[in-house]
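The following exercises ask the reader to examine a protein model step by step. Each task is followed by a worked solution.

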Amino acid sequence: MAEAHQAVAFQFTVTPEGFDLRLSREALKHIYLSGIAAWKKRLTRLKNTFLTGVYPATPSSWLVVVMTTVGSLYCKVDLSMGLISHIRQCLPSSRYLSFQNRTLLSATLFSTGVWISGILVFRQTLKLLLSYQGWMFEPHGKMSRGTKVWAAITKVMTGHKPMLYSFQSALPKLPVPSVQATIHRQYLESVRPLLDDAQFSKMEVLAQDFQNDTAPRLQKYLVLKSWWATNYVSDWWEEYIYLRGRGPLMVNSNYYAMDFLYVTPTSVQAARAGNSVHAILLYRRRLDREEISPVKVLGLVPMCSSQMERMFNTTRIPGKETDILQHLVDSKHVAVYHRGRFYKLWLYYSGRLLGPRDLELQFQRILDDPSVPQPGEEKLAALTAGDRVPWAEARARFFGSGKNKVSLEAIERAAFFVVLDEEEHCYHRDQEDCLDRYAKSLLHGRCYDRWFDKSFTLIVYKNGKLGTNAEHAWADAPIIGHLWEFVLATDTFQLGYNEGGHCCGEPNLGLAPPQRLQWDISEECRMAIDGSYRVAQVLADDVDFHCFLFTNFGKGQIKRCRTSPDAFIQIALQLAHFHDKGRFCLTYEASMTRLFREGRTETVRSCTSESTAFVRSMADPAQSRCERLRLFKLAAEKHQLMYRLAMTGAGIDRHLFCLYLVSRYLGVESPFLAQVLSEPWRLSTSQTPQQQIRMFDLEKFSDYVSAGGGFGPVADDGYGVSYMMGGENLITFHISSKFSSPETDSRRFGRQVRQALLDIAGLFDAPPNKVPN
């Protein structure tokens, strides 16, 4: 009770003599310091908004311009060519404004105008420079003279200590491709290897009819939107692909990331949680202050950072027809789940961020709490794992008032969600399925111990291993990857642990313990929870996961073959899929469009005529090694071209998606678009980015490589494949499918992927090795 009394700023009682008022100096001190901290944050945001708005100029540069102009007047040199005199004449005469003061004010106004004009000219120039994408299509290592000049100018104009959002207004808009290019150059070309002659002829007729009759009208609306909106795709993509989905987020939408593969910095669960949460909060502070440098392609071309804005203090709120993303400016607590109980853990004390040792103390108090879950509390989070409509109805009916509303708001308004898991997971060389179990735990857990609506959930296992599960609507995987790399590196190389495995420093034993959230869950609400849990459990039990490490070679050897590592792996996946199913399928590879403002992703259709020709040559004993190499080179070059087109806004799938939406808005039926949007992606792939933040040398600390992350299968009879190139000699694969499909087997497909990689590598040097059954 002592902590509760300390939390009250003042108490009063009514007596016959009047009011008896008692003040708590300690509580008032905390209130005062919290207010000071809040105002500091507001002022920091205001300052950052101004500095971002005038980048690359600074207040000191404005002062230099003013002083130069005023100094020139005293030297009787009019740099304004008479404009200052004209401005002075327009100023009202007043006894408070002498001739000299009006001259000084006129010079200041002129200087400010010149300063702002310089900023606008700089931005337009930079936007023109960033609109040039010819550099991406030039041969590797062979840059033209014009591109070298462009690169030099761009490097100069982007190298002046930019803040996180400094380049946002200079990024070009995502262009709308022409209908002809989308249909003929890419779509029909992409489906040709998947259709027989009769099917392809039918599709050609549908495409031609669409291009001639329906497309011109739809395209006009889309071009109009591109003029008006910042990005003609992103808002519709977020709403219709993510927020309007009524199925479970778990497995179908959310994704995960793993800890270090070979190293666990400490086996003390509370200590790992303390360091990790503190590292996350350090990242959030840098994000709020915009101290994170923008990510640049090749260290030169900045990418859009807008997705980072909703990383923290964000929750997906369920609705009957569509969900919404609730984002708060700030949050001073995290929600914690352990053994069926929910807690609210404050992150600040006396206006200061809690240190790692203080956070360890708080997490240890939660772990030591002997209390049992309240009725219905243990599986409450299963509501976020099931279908969205039942969750929306239950939220409105059972969590709209009283203690349930207060506790739910504590979770939804938290900075992020933390799970202190009872299980233990890590990589063991002698346990083949250890990473499979680790992946399934991160992807869906027990279906009730992850809050799938939060922007991300930090999961800390009993043996000190980490992981995270992220909601997909607010951002794509590279954004979480940027945070995750910072957290792992900061936890290990900066914060560290003492000899006992605990966080460094001394804890503040005067901290009030975490607050246990209170619930009043009725029998009817428990029935709704059980219903969502059953749906989620069926979905989770159907997920077949296989994660493995490919250590025969990595991107180092692939580069020595003068081939793009991504193209190499994508062609290997085509070969593996053909061996697995005996046919080709529509293949999705995620690419990014963050070279444009508010860009997200685009699809690379990896199954091309060139890649299928190569795969067929590998199945034909009559084909020579030289011919196979020639076909492989053609397939790799075609894949690189498709990837570059997607990155530069010339992809087709987002364009077709938006054309389809416009047709629905206008009530126009299009058999072509209906056919295109109904085609299943039976092989969905994604490369996990590595070392977006270079906080340590991965080659020097090779044991500190992450195992990457993954996602669930997109099609019921297909595979989901995520891969990451960990350094020069390691590739990790995360393969998902469904047990209910007789056509898929993740472990079998994994063997095919291994063999395909070795077979292709064998074309360049020694004969291919064999993968054991």
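**Exercise 1. Describe the open sheet that contains S16 and S18.**

Solution. Step 1: six strands make up this open sheet, in the order S16-S22-S21-S19-S17-S18, and their pairing is mixed. Two strands count as paired if DSSP finds at least two bridges between them. Helices (H or I, at least four residues) and strands (E, at least two) are DSSP runs numbered from the N terminus.

Step 2: the edges are S16 and strand S18 (601-605), each of which pairs on one side only. From one strand to the next, the twist averages 20°.

Step 3: strand S17 (residues 587-592) pairs with S18 in the antiparallel sense over five bridges. The bridge partner of Glu 589 in S18 is Val 604.

Step 4: helix H18 (residues 565-581) packs on the sheet and touches S17, strand S19 (683-687), strand S21 (719-725) and S22. The direction of H18 makes about 150° with that of S21. Here contact means heavy atoms within 4.5 Å. Axes are lines fitted to C-alpha atoms, for helices over the stretch in contact, and angles run from 0 to 180 degrees between N-to-C directions.

The model is a predicted one, in which local features need pLDDT of at least 70 and side-chain atom pairs count only at pLDDT 80 or more, while totals for chains, interfaces and linings use all residues. Residues are numbered from 1 along each chain as its sequence is written, and side-chain values use heavy atoms, with hydrogens and water left out.

**Exercise 2. Determine how many residues of strand S16 are buried, and identify the partner of Val 543 in S22.**

Solution. Step 1: strand S16 (residues 543-550) is mostly covered, with eight of its eight residues buried. Buried means under 20% relative accessible area, exposed over 50%, and partly exposed in between (1.4 Å probe, protein chains only).

Step 2: Val 543, Phe 545, Cys 547 and Leu 549 point one way from S16, whereas Asp 544, His 546, Phe 548 and Phe 550 point the other way; all are buried.

Step 3: S16 pairs with strand S22 (residues 731-738) in the antiparallel sense over eight bridges. Opposite Val 543 in S22 stands Lys 738.

**Exercise 3. Characterise the eight-stranded open sheet and the helices that lie across its strands.**

Solution. Step 1: the eight strands follow the order S15-S9-S8-S12-S13-S14-S3-S20, with mixed pairing. Its edge strands are strand S15 (515-516) and strand S20 (709-711), each pairing on one side only.

Step 2: strand S13 (residues 456-460) and strand S14 (residues 466-470) run antiparallel and are joined by five bridges. Thr 457 has Asn 469 in S14 as its bridge partner.

Step 3: helix H13 (residues 402-412) lies across strand S8 (333-338), strand S9 (341-346) and strand S12 (417-420), at about 105° to S8. Helix H14 (residues 434-444) lies across strand S3 (255-258), S13, S14 and S20, at about 130° to S3.

Step 4: H14 is largely enclosed by the rest of the structure, because ten of its eleven residues are buried. Among them are Asp 436, Lys 440 and His 444. Just after H14, Gly 445 takes a positive phi of about 55°.

**Exercise 4. Analyse the packing of H7 with H8 and of H21 with H22.**

Solution. Step 1: two packed helices are described by the angle between their axes and the distance between the axes.

Step 2: helix H7 (residues 179-191) packs with helix H8 (residues 197-228) at an angle of about 160°, their axes being 10 Å apart. H7 is therefore roughly antiparallel to H8. Angles under 35 degrees count as roughly parallel, over 145 as roughly antiparallel, 65 to 115 as roughly perpendicular and the rest as oblique.

Step 3: the residues in contact include Ile 183 and Tyr 187 of H7 and Phe 200 and Met 203 of H8.

Step 4: helix H21 (residues 653-666) and helix H22 (residues 671-678) pack at about 130°, with axes 10 Å apart. H21 is therefore oblique to H22.

Step 5: Leu 656, Leu 659, Tyr 660 and Ser 663 in H21 meet Phe 672, Leu 673, Val 676 and Leu 677 in H22.
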